[in-house]
Amino acid sequence: QTMSSFLGNIAVTQALREIRTASIRPDNALPRKVARGLVRLYDHQREDGSWGWWKGSEADPFLTAYVMDGLQLAREAGFAVDDERIRGGQQQIRRLLVSGKMGDKQAIELDVLAYLTYAYARTAGPDAARYVTALERRQTSLQPYGRALLALGLLAVGERQRAGLGGGEIERTVRATDTEAHWETKGDSRLLYLSEK
């Protein structure tokens, strides 16, 4: 709930910057809401740099990627984000990408690894290139949303041409009729939720 509310506030802030004619009530206190969201997210970060579903819960790879992606969006919207929190999240994501496993030694689903890779590439830029390349080698096993995250990760590390090739492949796999288009997918339902946004 904290992250979802936080992202909504960031999206409104960004829209207000991009659409000069847009406005909201002065009493909306958007900057204060974002600051409060950041404090809550910092408070929920675990010592190992990850996030779980609530304060004190075990680490969750999906939620760690979700929060890191949100923190980067906040940075891009002009908010001051604590670099130590970002570094802690990056360290945890690197550990997860190297091991491919959660704390209980269960393998992380490949499309969740794609989300982690994308979140890492968004915050680390070219330093994430080797992780994006490692994911690219496994792209045939990714669901459509995972392939989209890979293409965005390639963009984040400066690989525009390779990202374009991936985007073209995603386009070729669309199932289209005269009135709709979709991609068939299986896997982590949380990623399906994100793809609807």
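**A helix pair and a small cavity**

Let's start with a cavity: α7 (144-156) and α8 (160-172) each supply at least two residues of the lining of the second largest cavity. Keep in mind that this is a predicted model. Besides that cavity, we'll look at how α5 and α6 pack.

**The second largest cavity**

- Two cavities of 30 Å³ or more turn up in the structure, and the second largest holds about 30 Å³ of space.
- Its lining is made up of Gln-139, Arg-147, Leu-150, Gly-166, Glu-169 and Ile-170.
- Helix α8 gives the largest share of that lining, with three residues.
- Sorted by class, the lining of the second largest cavity is an even mix: two nonpolar, two polar and two charged residues.

**How α5 and α6 pack**

- Helix α5 covers residues 110-124 and helix α6 covers residues 129-136; their axes sit 9 Å apart, at an angle of about 155°.
- Because angles over 145 degrees count as roughly antiparallel, α5 is roughly antiparallel to α6.
- The crossing of α5 past α6 is left-handed.

**Who touches whom**

- On the α5 side, the residues in the contact are Leu-110, Ala-114, Thr-117, Tyr-120 and Ala-121.
- Across from them, α6 brings Tyr-131, Val-132 and Leu-135.
- By class, this contact of α5 with α6 counts seven nonpolar residues and one polar one, with no charged residues.
- The polar one is Thr-117 of α5.

Notes: Residues are numbered from 1 along each chain as its sequence is written. This is a predicted model: local features need pLDDT of at least 70, side-chain atom pairs count only at pLDDT 80 or more; totals for chains, interfaces and linings use all residues. Side-chain values use heavy atoms; hydrogens and water are left out. Axes are lines fitted to C-alpha atoms, for helices over the stretch in contact, and angles run from 0 to 180 degrees between N-to-C directions. Helices (H or I, at least four residues) and strands (E, at least two) are DSSP runs, numbered from the N terminus. Angles under 35 degrees count as roughly parallel, over 145 as roughly antiparallel, 65 to 115 as roughly perpendicular and the rest as oblique. A crossing is left-handed if the near helix is turned anticlockwise from the far one by less than a right angle, and right-handed if clockwise. Contact means heavy atoms within 4.5 Å. On a 1 Å grid over the protein atoms alone, a cavity is a set of points where a 1.4 Å probe fits but cannot get out, and a pocket is an open set with protein on both sides within 12 Å along at least five of seven lines; lining residues have an atom within 4 Å of a point. Grid points are joined across faces, edges and corners, and a volume is the space filled by probe spheres set on the points.
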